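Please look through the structure below with this report beside it, taking one region at a time.

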Amino acid sequence: MLTVALQQGINGIVFGSLYVLVALGLTLIYGVLVQINFAHADIVTIGAFAAYFFTFVFGGNYLVSIGIAVIVGAALGWLVNAAIFAPLRERGSELLPLIATIGVSILLQNAMLLWFGPIPYAFDSPYSNEVIRLWGGTFITWQNLIIIVVSALTIALLYAFMKFTMMGKALRAVAQDRETAGLMGINPNQLVMLTFVIASALAGMGGAMLGPVLVLTPFAGTSLIVKAFAIVIIGGFGNVEGTIIAGLAVGLIESFATQLINPGLTDIVVFTLLLLMLAFRPTGLIAEKREENV
Amino acid sequence: MSSEARLRASQSGKRRWWLLIAIVVVATLPLLFQDSYWRANLIVCALNVILAIGLDFILGYAGQLNLGHSAFYGIGAYASTLLIIKLGVPFWIAFAAGMALSGAAGMALSLFAVRLRGHYLAIASLGFAVIVHQVLLNWISLTQGPLGIYAIKPPPDIAVPGLPILSFGNSANMFYLVAGFAFLFYVLLDQLVRSPIGEALAAIREDEVSAASFGINCTVWKVFAFGMGSALAGAAGAFYASFVGTLVPDAFIITESFTILAMVIVGGMGTLTGPVWGAILLTVLPELLRGIGDLRLVVYGAALTLVVLFVPGGMVQAARIVRARLACLPIASTRQ
């Protein structure tokens, strides 16, 4: 029983770290722009396909393919900001950019469906089958270990960047008050672009690591993104620490709900949690003074 | 008679003409399209019109971004069908119950989300749609899950003494029925929008705080608009089930919400004629493009993005621009 619990705990952390990578991007963008990028999901999917094609069609190394996915993701983030968010920013509408990116998402998803087909791709990472035995009969595959280590390192780096570098501080300044930050000589447009690039690079990375553990179809990102929204809200929109905690928590809750209740009901559990959170604590786990958004 | 009143009178006169033309067109459509494929498309068009004007009432008039319209569509479809199959309730009572239940669910979600604005409501409604879809999939003893419900009967025949029996197994009659209801709902919303209620909703959409300071109860009207829109989706759901004859949960996945949203935006959010045109265009256009492959959703995605970027007022705005250009043309030519 303990072994099963431990094993589910490990699996939960693996998925939780992936959720954190994807959700952090959404939260960062929301932090500086107060906007939602719905096409974030498809950047995850395209990252996964980029890694797949690099490894299996061009015969590249899987670990290098994660780097490729990061670059592809960053480029897409730049494109989405330049094509959608920057032109719409002047109009100052709250909902139009979200609606436009829903369109981008539908477009990308179905273009991929036409191109790659609906049949799931077998993305067997060379690390998926090698197992490290841990105490008491539990185990972890190399792939899952890579996911945990790479995510943890990335999240730590990002955190350090936000906390200690000049640029990170400028980002947080823009997130807190864009106008005042502008008066202090920070160029908000550049920082918004930087945020999009970082956020989408994280999404691409998430995709490359998610490909081997999830079913790789053109819809892989979409099933994830709705969950990422739930995580972002549970953690508090724009709140990095809250998002990390909520992402890991959702991974663990899912993992145990699959084991204890019924795999079909995990989504219901997660989204009921989301609605309860919205009803009773819409500011998220860690409350911030951001009432104007609620 | 003040000039404003005269303008209104002439506008309402014009509207009456347009309604009459629309009735004639709707009446002749099934005669023009005799094959079952295009007749089915006509019915889908009418269903989409009901869905789109309902969503537009919530989004364009009350300013609430509802990404879960598919959930209310599904609730109406499943509730009415299950009432008929499991409890033997007559169709029209089940239809009304499905509508009422969808409306109630919409009001509940709206009431619950009344403190939330914009993005939060969008995600709450998205979450609600995921939950509804998952419940339909997993509550197998009630909904038969992914296997679906089969052999759902069309609405019962209407027999008026002295007239031939009206059977809804006939696709032309089914189209008249759904289109008739679409018409009814359109006129109803049109009246609502022009009434003081419509003005209250517009005030809330523009600025909730100042609306409240004028004594408008924002909560009540937002919940009302949400309930109204989702009840219409419920009606469409009940018709959908009886028209298609089978129900599977995947007919009501969140992508369906996005396609309805695309119809509203492409047509012109915040007008009632816009979503009607949007629904018709986005139902017919992909069918015409069928030869190129399954481009349906690619068209939806591209249309949605391009319209938001370049013509945020949708087809209604585009038509206005074209009309203004045409009106300018003769003047420009006489000047030369």
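## Helix 1 of chain B and its surroundings

Ile21(B) counts as exposed because it has 10 C-beta neighbours inside 10 Å, where 12 or fewer is the limit for that class. The model described here is a predicted one, and every value in this report was computed from it. Ile21(B) has its place in helix 1 of chain B, and two further residues can be considered along with it. Lys14(B), which is found in helix 1 of chain B, is exposed, with 10 other C-beta atoms within 10 Å. Leu31(B) also lies in this helix, which covers residues 3-32 of chain B, and Leu31(B) is exposed as well, since 8 other C-beta atoms lie within 10 Å.

The table sets each of these residues beside a partner in chain B, with the separation along the sequence and the distance in space from C-alpha to C-alpha.

| Residue | Partner | Apart in sequence | Apart in space |
|---|---|---|---|
| Lys14(B) | Ala97(B) | 83 residues | 36 Å |
| Ile21(B) | Ala172(B) | 151 residues | 19 Å |
| Leu31(B) | Leu247(B) | 216 residues | 29 Å |

The domain assignment of chain B names domain 1, which runs over 1-32, and domain 2, which runs over 36-265. Between the C-alpha centres of domain 1 of chain B and domain 2 of chain B there is a distance of 26 Å.

## The nonpolar core

Which residues have the most contacts inside the largest nonpolar core? They are Ala46(B), Ile50(B), Ile53(B), Val178(B) and Leu304(B), in a core of 198 residues. For Ile50(B), once its neighbours within four places in sequence are left aside, the contacts are Phe181(B), Ala182(B), Phe185(B), Leu232(B), Ala235(B) and Ala236(B). As a general background to such a core, nonpolar side chains tend to be buried together in soluble globular proteins.

## Where the two chains meet

The contact between the chains draws 36 residues from chain B and 32 residues from chain A. On the side of chain B that touches chain A, the elements giving two or more residues are helix 5 (118-138), helix 11 (254-267) and helix 13 (296-310) of chain B. Helix 5 of chain B gives the most to this side, with 15 residues. Sorted by kind, the residues on the side of chain B that touches chain A are 26 nonpolar, 8 polar and 2 charged.

## Two helices of chain A

Helix 3 of chain A, residues 62-89, has 28 residues and reaches 38 Å from its first C-alpha to its last, which is close to the 40 Å expected at 1.5 Å a residue. This helix nevertheless has a kink of about 35 degrees, and the kink is centred on Asn81(A).

Helix 8 of chain A, residues 188-210, has 23 residues, and its reach of 32 Å from first C-alpha to last is close to the 33 Å expected at 1.5 Å a residue. Is helix 8 of chain A largely enclosed by the rest of the structure or largely open, given how many of its residues are buried? Of its 23 residues 18 are buried, so helix 8 of chain A is largely enclosed by the rest of the structure.

Met205(A) is found in helix 8 of chain A, and Met205(A) is buried because 27 other C-beta atoms lie within 10 Å, where 20 or more are needed. Not counting residues up to four places away in sequence, Met205(A) touches Leu21(A), Gly47(A), Ile66(A), Ala69(A), Val70(A), Gly73(A) and Thr154(A). The C-alpha atoms of Met205(A) and Gly77(A) are separated by 13 Å, although these residues are 128 residues apart along the chain.

## Two residues with a positive phi

Most residues other than glycine have a negative phi. Val34(A) has a phi near 55 degrees, a positive value in a residue other than glycine, and Val34(A) is found in the loop between helix 1 (2-33) and helix 2 (40-56) of chain A. Since 18 C-beta neighbours lie inside 10 Å, Val34(A) counts as partly exposed. Gln144(B), for its part, has a phi near 60 degrees, again a positive value in a residue other than glycine. Gln144(B) lies in the loop between helix 6 (140-143) and helix 7 (171-194) of chain B, and with 15 other C-beta atoms within 10 Å, Gln144(B) is partly exposed.

Methods
Residues numbered from 1 in each chain as written. Chains lettered and ligands numbered in written order. Predicted model: local features only at pLDDT ≥ 70, side-chain atom pairs only at ≥ 80, totals over all residues. Contact = placed C-beta atoms within 7 Å. Helix = DSSP H or I, 4+ residues; strand = E, 2+ residues; numbered from the N terminus. Nonpolar A, V, L, I, M, F, W, Y, C, P; charged D, E, K, R; others polar. Expected span 1.5 Å × (residues − 1). Bend = angle between axes of the 7 residues up to and from the residue. Domains from an automatic or database assignment. Core = buried A, V, L, I, M, F, W, Y, C linked by C-beta atoms within 7 Å.
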